[in-house]
Amino acid sequence: MEATPTLYTERLILRPLELADADAIQQQFPHWEVVRYLNALVPWPYPADGALMYLRHNALPAVARGEEWHWSIRLKSAPGQLIGNISLMNEQDNNRGFWLGPKWQGSGLMSEASAAVTEYWFTVLGRTVLRVPKATPNIASRRLSERTGMRLVGTDEGRFVGGVFPKETWEITREEWLARR
Ligand SMILES: CC(C)(COP(=O)(O)OP(=O)(O)OC[C@H]1O[C@@H](n2cnc3c(N)ncnc32)[C@H](O)[C@@H]1OP(=O)(O)O)[C@@H](O)C(=O)NCCC(=O)NCCS
């Protein structure tokens with residue numbers, strides 16, 4: 001199995017997630033602006049060892065099995081600081097997830113990170129479709145999907161950290177992605 005590579009965008013470095021990232025995730029992740037529209041599987045209140053347990057028992061084993069790909073997000077201008085995470089997953093209807101620490105939201109950074117890993121999904125991993133779930137009130141995430149050519153393909157209801165909300169499934173096919181590049 002190929003090791004997950006480091007990816008680069010105009011402003012960002014996406015570096016494969018590692019156990020040493022636990023402390024930085026523990027600082028940046030457990031904030032309401034980050035977790036409220038994430039899947040209710042995220043423990044909340046977030047335990048003091050939440051990031052370490054997630055890396056050790058969920059993310060890194062899934063990477064080792066070849067089922068998931070996880071990157072820490074860093075600014076090229078400050079590569080020592082983890083500012084968020086972005087992931088790809090083989091899961092049904094749940095192929096990409098991302099978050100940014102509150103300080104870094106709203107500057108278009110995730111649009112860059114998301115484009116880089118979506119390119120990886122279609123051109124390196126060779127997948128034919130990418131599907132993502134999201135809470136309908138998560139306007140920033142929906143805007144990102146709309147602006148990158150994704151289509152709404154289903155609505156449902158989901159359990160999120162912030163409660164039960166309407167939930168949407170968005171998708172883009174490889175042909176659609178390649179046509180937009
Ligand atoms: C969702 C998230 C990753 C978006 O990343 P980002 O870098 O902040 O997004 P961008 O700056 O590229 O903004 C995307 C769009 O949402 C809009 N937007 C950003 N924050 C917003 C807010 N709080 N309310 C309404 N719109 C917002 C932006 O104006 C932009 O719209 P535009 O394309 O019309 O200009 C980030 O907000 C985040 O980490 N949220 C918490 C975790 C999360 O919800 N992850 C996704 C789960 S599906």
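This passage describes the overall fold, two groups of paired strands and the ligand surroundings of a predicted model. Residues are numbered from 1 along each chain, following the sequence as written. Because the model is predicted, local features require pLDDT of at least 70 and side-chain atom pairs count only at pLDDT 80 or more, whereas totals for chains, interfaces and linings use all residues.

The protein chain holds six helices and eight strands; these are DSSP runs numbered from the N terminus, with helices being H or I runs of at least four residues and strands E runs of at least two. Read from the N terminus, the order of elements is β-β-α-α-α-β-β-β-α-β-α-β-β-α. Along the principal axes, the C-alpha atoms of the protein chain occupy a box of roughly 40 × 35 × 35 Å. The radius of gyration of the protein chain is 15 Å, in agreement with the value near 16 Å for a compact globule of 181 residues; this radius is taken over C-alpha atoms, and the globule rule is 2.2 Å times the number of residues to the power 0.38. Of the 181 residues, 31% are buried, where buried stands for 20 or more other C-beta atoms within 10 Å of the residue's own, exposed for 12 or fewer, and partly exposed for anything in between, with C-beta atoms placed from the backbone. Among contacts with a separation of 6 or more, 60% link residues 24 or more positions apart; a contact requires C-beta atoms, placed from the backbone, to lie within 7 Å.

Strand β3 (residues 68-75) makes a good place to begin with the strands. Seven of its eight residues are buried, so β3 is largely enclosed by the rest of the structure. Strand β2 (residues 12-16) pairs with β3 in the antiparallel sense over five bridges, pairing being assigned if DSSP finds at least two bridges between two strands. Within this pair, L14 is opposite I73 of β3. Strand β4 (residues 78-91) also runs antiparallel to β3, with eight bridges joining them, and a two-residue hairpin connects β3 to β4. Here E68 has M89 in β4 as its bridge partner.

A further group of three strands forms an open antiparallel sheet in the order β6-β8-β7. Strands β6 (129-135) and β7 are at the edges with a single partner strand each, so one side of each has no neighbour in the sheet. From one strand to the next, the twist averages 25°; the axes are lines fitted to C-alpha atoms, and angles run from 0 to 180 degrees between N-to-C directions. Seven bridges link β6 to the antiparallel strand β8 (residues 163-173), and V129 is opposite T173 in β8. In strand β7 (residues 151-160) lies E157, which counts as exposed because it has 10 C-beta neighbours inside 10 Å. Leaving aside residues up to four places away in sequence, E157 touches V164, P166 and K167.

The ligand is surrounded by 21 residues, of which W99, Q105, M110, A140 and R143 come nearest; a residue is near if its C-beta atom, placed from the backbone, lies within 6 Å. Elements giving two or more residues to this shell are β5 (94-100), α4 (109-124) and α5 (139-147), with α5 providing the largest share, six residues. By class, the shell has 11 nonpolar, seven polar and three charged residues, where Ala, Val, Leu, Ile, Met, Phe, Trp, Tyr, Cys and Pro count as nonpolar, Asp, Glu, Lys and Arg as charged, and the others, Gly among them, as polar.

How values were computed. Two residues are in contact if their C-beta atoms, placed from the backbone, lie within 7 Å.
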